[in-house]
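Got the model open in your viewer? Let's take a walk through it together, one region at a time.

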Amino acid sequence: MRLSSLIIVAATFVGAAAVSLVAANFSVKLIEETSEIGVRQALDDAKMPWAEVAADGLQVTLLGIAPNEARRFSALSTAGTVVDAARVIDAMEVEAMAAIAPPRFSAEILRNDAGVSIIGLMPTATDRDAIIERFAAMSDDASVTDLIETADYPTPDGWTDALGFALTAMEQLPRSKVSVEAGRVSITAITQSADAKAQLEARLNRAAPPGLGLSLDIAAPRPVITPFTLRFLIDDNGVRFDACSADTEASRTQILQAALKAGHTGSGRCTVGMGVPSPRWSEAVEKSISALAEVGGGSVTFSDADVTLIGREGANQATFDKVMGELENDLPDVFALYAKLPETVDPNVGPPEFIATLSPEGQVQLRGRLSDENLRTVADSYAKARFGSDRVYVGTRVVEGLPNDWATRVLTGLEALSGLSNGAVTVSPTSISVRGNTGNKDANAKIATLLSSKLGEAEDFMIDVTYQEKLDPVANIPTPDQCEAQIGDVLQTGQISFEPGSATIDAASLSTMDDIAEILKICGNMRLEVQGHTDSQGRAEMNLALSQSRAQSVLNELRARRVLTSSFSAKGYGETRPIQDNDTEEGREANRRIEFRLIRPNPTEPEPESTLDSVAETGNTGPATEGTSDEQN
């Protein structure tokens with residue numbers, strides 16, 4: 001009986017334990033499910049679907065890949081609002097971040113009379129101190145403001161070339177702003193005149209490394225024109241301007257439209273400048289051109305407010321008088337008209353003349369009549385001063401009866417001739433004629449201004465000067481590629497050879513060096529590498545040293561011929577770049593050579609967008625110009 005009671009008690013305890021265990025398991029499951037559902041719901045409300053929730057007893061584990069560290073922390077905080085933060089286990093990972101792209105290196109440089117300022121981001125490898133020293137040198141005592149930041153990233157392709165060119169350009173630009181990026185330079189500047197602008201643009205374009213993106217915005221102030229000159233002609237040679245000046249773009253348009261109505265067919269070249277004698281200048285010019293066309297031709301010349309209208313020989317006198325009377329009444333105030341209809345001259349009676357000719361080779365001959373011995377001496381001295389003492393031949397004679405202003409007319413004619421590349425000036429008692437060719441687009445206007453200011457009103461003169469681009473010292477400058485090709489043509493006919501085993505240039509090659517030097521003097525500043533090459537005979541180290549010495553020897557010969565070589569370099573490549581097989585004598589001879597090669601940036605892949613949202617531009621590498629030497633190493 002007693003045993004049975006014990007069994008019953010034991011069974012009761014076991015049953016109770018079993019019931020308690022079941023109840024505990026049920027409670028844990030309930031807590032897990034409640035925690036997991038609650039945290040999951042909170043994460044979904046916070047728009048974090050990437051976070052996974054796993055409950056294990058009282059612990060809640062967060063899994064998944066967070067887009068960044070901030071979102072991971074936010075997920076933990078959100079879970080901590082549902083369950084005790086101590087129960088939350090962080091098993092999340094953070095998505096791998098892409099490598100930070102290198103920044104866009106750039107610089108803005110401003111130079112004016114106050115000094116130089118530079119701001120921008122540069123690679124740490126850039127020699128910052130050397131840059132500041134160059135700016136300090138070009139700004140004299142003015143200040144240099146250094147706002148440069150640096151970043152330790154590799155120097156992008158094209159950066160060194162762009163920055164070096166910008167520094168060189170700034171030395172020529174006292175008032176300018178230059179923007180520098182890898183492979184690109186933008187320049188905004190102001191010059192003193194249109195001629196200075198054209199010359200500066202030509203120099204910068206030629207000096208820019210091939211492959212460099214160059215943007216130029218060069219402004220030239222309106223020139224001061226004194227006297228304010230205009231000359232319009234209608235004669236057997238056509239309808240044209242010898243000189244044209246306007247005070248505004250609207251005035252220029254009005255003058256050119258008047259010329260078109262009078263029969264002018266060209267585009268018209270009219271300089272907008274300062275110094276106009278009256279705001280009604282274009283009105284006076286328009287009326288005078290119309291009057292000239294009405295009388296049948298001749299010339300009208302404005303020198304400030306003085307207007308000289310010379311009718312065409314043989315025109316009707318009554319018509320001429322009527323039109324001139326109307327013009328004199330219609331001209332705005334301050335303008336004074338002198339009108340003249342030339343008398344018909346017997347073609348068999350020639351007037352006394354003085355003639356000066358300038359040949360394409362620069363030789364000058366003075367012929368004809370002069371009023372006295374003093375004038376002959378003065379004309380001879382003046383011509384030698386203008387054209388060179390060894391280039392003037394005098395064949396004049398002294399006669400009586402010449403006009404009192406003959407000396408002024410002769411010396412003015414010589415000054416006009418000096419503005420031509422070749423041509424002739426004829427001086428007579430009633431007119432001056434200037435004919436020839438020039439490389440200056442503004443020569444006609446300058447000569448017309450000269451004659452009208454020196455001779456005064458009521459003087460007749462004729463200008464027949466033709467602009468030829470081949471004579472233009474700016475337009476006719478060859479490009480770096482053309483220079484490279486010209487050097488190649490020279491080397492095709494005259495090789496650069498050396499004494500055997502030496503860096504001494506053979507005497508037979510000195511004439512070739514002369515020809516190359518003349519080309520480079522015309523080409524001016526450009527980045528050029530003089531390269532030396534050998535064949536494979538002998539030790540490689542000796543060949544490398546010999547090729548370097550030969551390239552340097554060529555560079556020294558160019559310097560001796562007064563070629564500016566600051567942008568040139570000499571480099572020897574030894575036997576590493578053969579162009580033919582070294583197994584034959586012909587091949588070895590071809591491999592022993594000097595090359596003249598333009599330095600171009602190496603081509604690169606476009607740079608990816610960086611933290612500064614930029615893309616760099618790059619250049620290409622071009623072919624070499626080659627010459628061979630006929631001596632062995």
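Here is a tour of a hairpin, a loop residue, a sheet and a pair of helices.

Before we set off, keep in mind that this is a predicted model.

Let's begin with strand 1 (residues 52-56) and strand 2 (residues 59-63). These two run antiparallel and are joined by five bridges. If you want a pair to look at, find valine 53, which stands opposite leucine 62 in strand 2. The two strands make a hairpin with two residues between them, and glycine 57 there takes a positive phi near 70 degrees. Strand 2 also has a link to strand 4 (residues 88-90): the two run parallel, with three bridges joining them. Leucine 62 turns up again here, as its bridge partner in strand 4 is aspartate 90.

Next, hop along to glutamine 192, in the loop between strand 10 (184-190) and helix 5 (194-207). Is glutamine 192 buried or exposed? With a relative accessible area of 60%, glutamine 192 counts as exposed, because the cut-off for that word is over 50%. Still, glutamine 192 has company: setting aside neighbours within four places in sequence, its contacts are Arg175 and Pro221. Alanine 219 is also worth finding, since the chain brings it to 8.8 Å from glutamine 192, C-alpha to C-alpha, although the two are 27 residues apart in sequence.

Now for the sheet. Six strands make up an open sheet, and if you read across it the order is 21-20-19-22-23-24, with mixed pairing. Why do strand 21 (392-398) and strand 24 (460-467) each have one side without a neighbour in the sheet? They stand at the edges, each with a single partner strand, so there is nothing in the sheet on the other side. Ignoring direction, neighbouring strands here are turned by 5 degrees against each other on average. A general point helps when you look at side chains: in a regular strand they alternate between the two faces of the sheet.

Zoom in on strand 19 (residues 354-358) and strand 22 (residues 422-427), an antiparallel pair joined by five bridges. Phenylalanine 354 stands opposite valine 427 in strand 22. Helices come into the picture too. Helix 9 (residues 373-387) lies across strand 19, strand 20 (364-370) and strand 21, and runs at about 165 degrees to strand 21. Helix 11 (residues 443-455) packs on the sheet as well, touching strand 23 (431-438) and strand 24, and its direction makes about 160 degrees with that of strand 24.

Last stop: helix 13 (residues 510-523) and helix 14 (residues 540-560). Their axes come within 10 Å and cross at roughly 65 degrees, and the crossing is right-handed. Helix 13 brings Leu510, Met513, Ile516, Ala517 and Leu520 to the contact, while helix 14 brings Val554, Glu557 and Leu558. Sort those residues by type and you get seven nonpolar, no polar and one charged.

Stay with helix 14 for a moment. Its 21 residues reach 30 Å from first C-alpha to last, close to the 30 Å expected at 1.5 Å a residue. Its buried residues include Leu546, Arg550, Val554 and Leu558. What do the buried residues of helix 14 pack against? They meet helix 13, strand 25 (528-533), strand 26 (568-572) and strand 27 (593-598). In general, an α-helix has 3.6 residues a turn, so residues three or four places apart point the same way. Just after helix 14, arginine 562 takes a positive phi of about 65 degrees.

Terms used: Residues numbered from 1 in each chain as written. Predicted model: local features only at pLDDT ≥ 70, side-chain atom pairs only at ≥ 80, totals over all residues. Heavy atoms only, no water. Axes fitted to C-alpha atoms, helices over the stretch in contact; angles between N-to-C directions. Helix = DSSP H or I, 4+ residues; strand = E, 2+ residues; numbered from the N terminus. Left-handed = near helix turned anticlockwise from the far one by under 90°. Contact = heavy atoms within 4.5 Å. Nonpolar A, V, L, I, M, F, W, Y, C, P; charged D, E, K, R; others polar. Expected span 1.5 Å × (residues − 1). Buried < 20%, exposed > 50% of the residue type's maximum accessible area, 1.4 Å probe, protein only. Pairing = 2+ DSSP bridges.
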